[in-house]
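Please open the structure in a viewer and keep the selection panel at hand. The tour below proceeds from one selection to the next and ends with the overall view.

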Amino acid sequence: FRSRNRVNLGVWGVSKMFQQQSFGSVGTHNPMKDFEVQQPPDDSISKIAFSPNANYLIASSWDNNVRCWEVQDSGTTIPKAQQTHSAPVLDCCWHADGTKVLTASCDKTCKLWDLQSNQAIDIAQHDAPIKSVHWVQAPSYSCAVTGSWDKTLKFWDTRTPSPVLTLQLPERCYCMDVMYPMAIVGTASRGLVVYQLENTPSEFKRIESPLKYQHRCISIFRDKQNQPTGFALGSIEGRVAIQYINPPNPTKDNFTFKCHRSNVTQAGQTQDIFPVNDIAFHPSHGTLATVGSDGRFSFWDKDARTKLKTSEAMEQPITSCAFNFNGNIFAYSVSYDWSKGHEHYNPQKKNYIFMRQVTEEMKAKAKKR
């Protein structure tokens, strides 16, 4: 694994150079002319994530596999390794040290994958598929946390086979995010539960959902002191809610906005509304990206409540997105998300993961005087 101080070079650090390159295969499948990750998964991509301290990318898929690539300064990717579950993999995340990966599967297990030895061991077990997995790095402890369709949230010491703590959820886990000392889980029936992770993790509060339709994705954001202060919640109805945990003025500070909908250009025209599949916050600018079943990504400034950019439409939905550790690279995965049922599945269409340089695109625009 390369040292962190070698990565911010080449195309990822020089936006002008990046714009002058011609990248990989460009066509209708790559309308933004972005870098294409080599040897992508063979089935729908459930999650992509960058290492916390180097330019390595992982992706989990419905083909039962989790893959890892090294992202080079030139923008090319090198497949490094992969591991397999016995059923589709719904989520993956990095250990805090950047040398291990956690994977959550429909086979009801979670594995810890050591990339240096390329060995994976089972560390968690549920009574139903595991929808979400995260690593908790606290000052006094570290552990894995898994959320399942068996309506439980479990915390695991990776050295022991039984959970160190099990918390009951009001419903099945649909989405989860963790940023110490906070965790939040979105469940079926539009449930929202906030947890505090200091000392012994416990339920902090339940929040009435600001959205009227099924929760699809959730992402915690930080305040100017770099502490978790709220979250963005996306639903299947092309809408995102920005919610603060303890807002000074709830009616003013909390808000929702529409996104991932077709443009209506004339009266009487029907608008198509698409699910929001993933949300990611830029690590330094605090702006955010959303991706949807309309095959587009959009960048937003939540503080100014403005849109910064929307992409051209891909040939298939965008299922997941991620920023690398310094925010220079934005990656997004293109594959069918089954939002329109099996009759719209086209096995001839390939899956893709793309990367683009976004150092300037994600900056909030200066306010006009």
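In which loop is Leu169 found? Select Leu169: it is found in the loop between strand S13 (165-168) and strand S14 (173-179). Helices (H or I, at least four residues) and strands (E, at least two) are DSSP runs, numbered from the N terminus. Before going further, note that this is a predicted model, in which local features need pLDDT of at least 70 and side-chain atom pairs count only at pLDDT 80 or more, while totals for chains, interfaces and linings use all residues. Residues are numbered from 1 along each chain as its sequence is written, and side-chain values use heavy atoms, with hydrogens and water left out.

**The loop between S13 and S14**

With Leu169 still selected, display its surroundings. Leu169 is buried, with a relative accessible area of 6%; buried means under 20% relative accessible area, exposed over 50%, and partly exposed in between (1.4 Å probe, protein chains only). Add Lys151 to the selection: 18 residues separate Leu169 and Lys151 in sequence, yet their C-alpha atoms are 4.9 Å apart in space. Beyond its neighbours within four places in sequence, Leu169 is in contact with Ser148, Lys151, Thr152, Leu153, Val185 and Tyr195, where contact means heavy atoms within 4.5 Å.

Move next to Glu171, which is placed in the loop between S13 and S14. Is Glu171 buried or exposed? Its relative accessibility is 16%, so Glu171 counts as buried. The side chains of Glu171 and Arg172 are joined by a polar contact of 3.1 Å. A polar contact is a pair of N or O atoms within 3.5 Å; within protein, one must be able to donate a hydrogen and the other to accept it, and residues adjacent in sequence count only if both atoms are side-chain atoms. Not counting residues up to four places away in sequence, Glu171 touches Lys151, Thr187, Ala188 and Ser189. Measuring C-alpha to C-alpha, the viewer should place Glu171 and Asp150 8.1 Å apart, although their positions lie 21 residues apart in sequence numbering.

**A cis peptide bond**

Proceed to Pro181, in the loop between S14 and strand S15 (182-187). The peptide bond leading from Tyr180 to Pro181 is cis, with omega near 10°.

**His215 in strand S18**

Select His215, which is found in strand S18 (residues 215-222). His215 is buried, at a relative accessible area of 1%. Which side chain does His215 join through a polar contact of 2.8 Å? The partner is the side chain of Ser209. Ser209 also appears among the contacts of His215 outside four places in sequence, which include Tyr174, Cys175, Thr187, Arg190, Leu192 and Leu233.

**Thr290 in strand S23**

Thr290 is the next selection, in strand S23 (residues 288-292). Thr290 is buried, with a relative accessible area of 0%. Show its side-chain polar contacts: one of 2.8 Å joins Thr290 to the side chain of His260, and another, of 2.9 Å, joins Thr290 to the side chain of Trp300. His260 and Trp300 are also among the residues that Thr290 touches, together with Val240, Val276, Asp278, Ile279, Arg296, Phe297 and Ser298, when residues up to four places away in sequence are not counted.

**Two residues with positive phi**

Select Asn226, in the loop between S18 and strand S19 (228-235). Asn226 is not a glycine, although its phi is positive, at about 70°. Asn226 is partly exposed, with a relative accessible area of 44%.

Then select Arg305, in the loop between strand S24 (297-301) and strand S25 (306-310). Phi of Arg305 is near 55°, a positive value in a residue other than glycine. Arg305 is partly exposed, with a relative accessible area of 46%.

**The overall view**

Finally, clear the selection and display the whole protein. How many helices and strands does the protein have? Its secondary structure comes to three helices and 28 strands. The radius of gyration is 20 Å, close to the 21 Å that the globule rule gives for 369 residues, so the protein is as compact as a globular protein of that length. The radius is taken over C-alpha atoms, and the globule rule is 2.2 Å times the number of residues to the power 0.38. Along the principal axes, the C-alpha atoms fill a box of roughly 55 × 50 × 45 Å. Buried residues make up 56% of the 369 residues.
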